[in-house]
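Here is a small set of exercises to work through with the model open beside you. Try each task on your own before you read the solution.

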Amino acid sequence: MFRALVFDLDGLILDTETVVYESWRSAYRAHGVPLPRGLWQRAIGSDGTHFDPLSYLLERRPGLDVEELHAQRRVVREALLAQLTACAVVLERLAEARARGLRLAVASSSQREWVEHHLVRLGLREHFSALRCRDDVARVKPDPTLYRSALAAIGVAPEHAVAFEDSPNGVAAAVAAGLRCVAIPGPMTRGLRFAGAHLELASLAELSLDEILARVA
């Protein structure tokens with residue numbers, strides 16, 4: 001029934017969501033401003049239009065040196081990123097998919113440079129025959145265009161594909177594009193509602209790929 005799997009990157013393959021949040025939280029803390037987790041969660045998996053952390057901080061601390069702020073935040077971010085490895089059993093699930101002849105793609109609201117860098121760093125780039133990122137579309141998740149574009153690139157109809165997502169925005173995009181969707185919340189999205197997901201798991205390690213596909217079929 002299924003011919004392809006389409007993966008989100010941030011928070012699903014690699015927990016960059018926590019890293020980016022912590023880098024911003026450190027910047028906020030340096031200026032005595034709290035960064036509510038609930039506000040941050042609105043933007044996960046999308047383009048930040050629901051919440052812009054820089055604008056929010058500047059409203060509370062006008063006149064900050066933005067370049068210095070970003071420089072300090074990048075130091076924290078890069079130190080945390082250097083410690084990151086792929087999320088649990090990602091490699092195993094990708095190997096199972098390739099063994100079954102399934103096509104693989106990534107659909108991410110992040111920039112292509114970011115996506116490519118992390119996939120190459122983790123040794124995962126060769127697994128994916130197509131990447132569709134923020135640079136490739138006019139609108140990102142929860143709009144379905146990223147998923148439609150990824151499927152067009154690998155020549156698979158949506159009813160023959162399964163998406164793997166960690167955010168409500170991502171789930172909404174995949175379902176609107178016509179894919180079956182497996183929600184796998186990460187540390188930043190646990191406790192959120194994943195309306196429309198066909199299956200929700202605690203991690204990719206919870207079931208084998210065959211079991212996952214059987215449940216969403």
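**Exercise 1: the middle of the sheet**

In which sense do β1 and β4 pair, and over how many bridges?

*Solution.* Keep in mind throughout that this is a predicted model.

Step 1. Find the two strands: β1 covers residues 4-7, and β4 covers residues 161-165.

Step 2. Read off the pairing. β1 and β4 run in the parallel sense, joined by 4 bridges.

Step 3. Pick one bridge as a check: Leu-5 has Val-162 of β4 as its bridge partner.

**Exercise 2: building the sheet outwards**

Work out the strand order of the open sheet, and say which strands stand at the edges.

*Solution.*

Step 1. Go from β1 to β2 (residues 103-107): these two strands pair in the parallel sense over 4 bridges. In this pair, Ala-4 is bridged to Arg-103 of β2.

Step 2. Carry on from β2 to β3 (residues 130-132), a parallel pair held by 3 bridges. Here Ala-107 has Arg-132 in β3 as its bridge partner.

Step 3. Now take the other direction. β4 and β5 are parallel and share 4 bridges. Ala-163 sits opposite Cys-181 in β5, and Phe-164 is bridged to Val-182 of β5.

Step 4. Finish with β5 (residues 180-183) and β6, a parallel pair with 2 bridges. Ala-183 is partnered by Glu-200 in β6.

Step 5. Put the pairs together: the open sheet has 6 strands in the order β3-β2-β1-β4-β5-β6, with parallel pairing. β3 and β6 (199-200) each have a single partner strand, so one side of each has no neighbour in the sheet.

**Exercise 3: handedness of the crossovers**

Which helix lies between β4 and β5 along the chain, and is the crossover left-handed or right-handed?

*Solution.*

Step 1. Start from the paired strands, β4 and β5, with their 4 parallel bridges. Between them the chain passes through helix α8 (residues 168-176), and this β-α-β crossover is right-handed.

Step 2. Look at the other side of the sheet order for a second case. β2, α6 and β3 form a β-α-β unit that is right-handed as well.

**Exercise 4: burial**

How many residues of β4 are buried, and which lie on each of its faces?

*Solution.*

Step 1. Count: 5 of the 5 residues in β4 are buried.

Step 2. Sort them by face. Ala-161, Ala-163 and Glu-165 are on one side, Val-162 and Phe-164 are on the other, and both faces are covered.

Step 3. Set β2 beside this result: 4 of its 5 residues are buried.

Step 4. Try a loop residue too. Phe-194 lies in the loop between β5 and β6. The cut-off for buried is under 20% relative accessible area, and Phe-194 is buried at 8%.

Step 5. List what surrounds this side chain. Beyond its neighbours within four places in sequence, Phe-194 is in contact with Asp-166, Ser-167, Pro-168, Val-171, Ala-183, Pro-185, Thr-189 and Glu-200.

**Exercise 5: the pockets**

How much space lies in the largest pocket, and which element gives the largest share of its lining?

*Solution.*

Step 1. Take the volume: the largest pocket holds about 780 Å³. It is lined by 27 residues, and Val-20, Trp-40, Ser-46, Ser-110 and Arg-134 are the closest to its centre.

Step 2. Assign the lining to elements. α1 (16-30), α2 (37-43), α4 (66-81) and α6 (112-121) each give at least two residues, and α1 has the largest share with 4.

Step 3. Sort the lining by class: 8 nonpolar, 9 polar and 10 charged residues.

Step 4. Repeat for the second largest pocket, with about 180 Å³ of space. Its lining has 13 residues, with Gly-11, Cys-87, Ile-184, Pro-185 and Ser-203 nearest the centre. By class, this lining divides into 8 nonpolar, 3 polar and 2 charged residues.

Technical notes
Residues numbered from 1 in each chain as written. Predicted model: local features only at pLDDT ≥ 70, side-chain atom pairs only at ≥ 80, totals over all residues. Heavy atoms only, no water. 1 Å grid on protein atoms, 1.4 Å probe; cavity = no way out; pocket = protein on both sides within 12 Å on 5 of 7 lines; lining within 4 Å. Points joined across faces, edges and corners; volume = space filled by probe spheres on them. Nonpolar A, V, L, I, M, F, W, Y, C, P; charged D, E, K, R; others polar. Buried < 20%, exposed > 50% of the residue type's maximum accessible area, 1.4 Å probe, protein only. Pairing = 2+ DSSP bridges. Right-handed = clockwise from strand over helix to strand, strands pointing away. Contact = heavy atoms within 4.5 Å.
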